[in-house]
Amino acid sequence: MNKQQVSLIIADVDNTLRGIREELFVNGENIHTISPGLKHAFMELHERGVRLAIASGRPLWQELMNHHTEWELPFQFDAIIGLNGGEVYDHSTGETKRYHPLTPQQIQKIVTGMEPFSDSPMIYCQGYELTYHPDEVMVARAAKHHTKVVEAKRLEELWKDPTAKVLYRQADPQIIAQMEAYAKAHITDEGICCFMTTPENLEFQSPLVNKGTGLKAYCDAHHIPLDQVIAFGDSENDMPMLQEAGWSVAVANAIESVKEAADDVTEFDVYHNGVGNYLQTHVLPLLMNRTSK
């Protein structure tokens, strides 16, 4: 792509824009914020008329709608993709569109199918996480995002209504990898796909939605050519978004398959201003003559 014609920059949040591992803090920076260099780059891009978007596997209500204030940005992101493309917020209209939730029958198939590995599935409800037999990992991860965990009294409560995704969390990455392999071999419903979003997270969702479909839906609505999009990511669930974008960039801490598939890799990781440095050195110098919105 011609970066002088970039219209939209979109990035995954956790482990791409901000780090989430306490033991890797750099210079005492808060886990919930972004680096000063990235904040400065976002503000410059905004002034030059480039649209900015973020994408996450988390629902919109779980911090995503407030990241701009949390990160001390004086503007809201133009688009926010939540639930891996299951919902897309468009700031210009104030509307949120939702796509292809799992049916109760599919949720039941996932939950019962994974019982040999875990009896602690989790789903997102509005404002809280609903789980059966919550463990320490589940509670700790929810606390990082200031989210309440509610314990279901009966397993059937998890498939009472349609939902965007089913999640499993484990502290041991080897167990998650085993669970993913087992799920792909035994849960063969064409309306269900599974993937790891971190070494501790396994997620189930409709194959009809992903961060790439969310990106395409927003770009189609605003007549933005996909070859004028730059996307940043680190994990398996970022791949469809990176593939749709005209220029894809993996952060230095990304998994190897993402690095291999991306057009470029940042020089630094998420804990050392990887995306901010890339924007400052590779993108902003090409936009010096761009006018503001």
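**Exercises on a predicted model**

Leaving aside neighbours within four places in sequence, Glu 180 is in contact with Cys 194, Phe 195, Met 196, Leu 202 and Glu 236. The structure used in these exercises is a predicted model.

**Exercise 1.** Determine in which helix Glu 180 is found, and decide whether Glu 180 counts as buried or exposed.

*Solution.* Begin with the position in the chain: Glu 180 belongs to helix α5, which covers residues 173–186. Next, take the relative accessibility of Glu 180, which is 11%. Because buried means under 20% relative accessible area, Glu 180 counts as buried.

**Exercise 2.** Describe the largest nonpolar core, and state which residues Phe 42 touches when those up to four places away in sequence are not counted.

*Solution.* The largest nonpolar core has 53 residues, and Phe 42 is one of those with the most contacts inside it, a group that also includes Ile 9, Leu 17 and Leu 279. With residues up to four places away in sequence not counted, Phe 42 touches Leu 17, Ile 34, Leu 52, Leu 73, Phe 75, Phe 77 and Leu 279. Apart from the largest core lies another core, of 24 residues, among them Ala 152, Trp 159, Tyr 168 and Met 196.

**Exercise 3.** Establish whether Cys 193 is in a disulfide, and classify Cys 193 and Cys 219 as buried, partly exposed or exposed.

*Solution.* The nearest cysteine sulfur to that of Cys 193 belongs to Cys 194 and is 7.3 Å away. Because a disulfide needs two cysteine sulfur atoms within 2.5 Å, Cys 193 is in no disulfide, and the count of disulfides comes to zero. As for accessibility, Cys 193 is partly exposed, with a relative accessible area of 23%, whereas Cys 219, with 1%, is buried.

Conventions
Residues are numbered from 1 along each chain as its sequence is written. This is a predicted model: local features need pLDDT of at least 70, side-chain atom pairs count only at pLDDT 80 or more; totals for chains, interfaces and linings use all residues. Side-chain values use heavy atoms; hydrogens and water are left out. Helices (H or I, at least four residues) and strands (E, at least two) are DSSP runs, numbered from the N terminus. Buried means under 20% relative accessible area, exposed over 50%, partly exposed in between (1.4 Å probe, protein chains only). Contact means heavy atoms within 4.5 Å. A nonpolar core is a set of buried Ala, Val, Leu, Ile, Met, Phe, Trp, Tyr and Cys residues joined through side-chain atoms within 4.5 Å.
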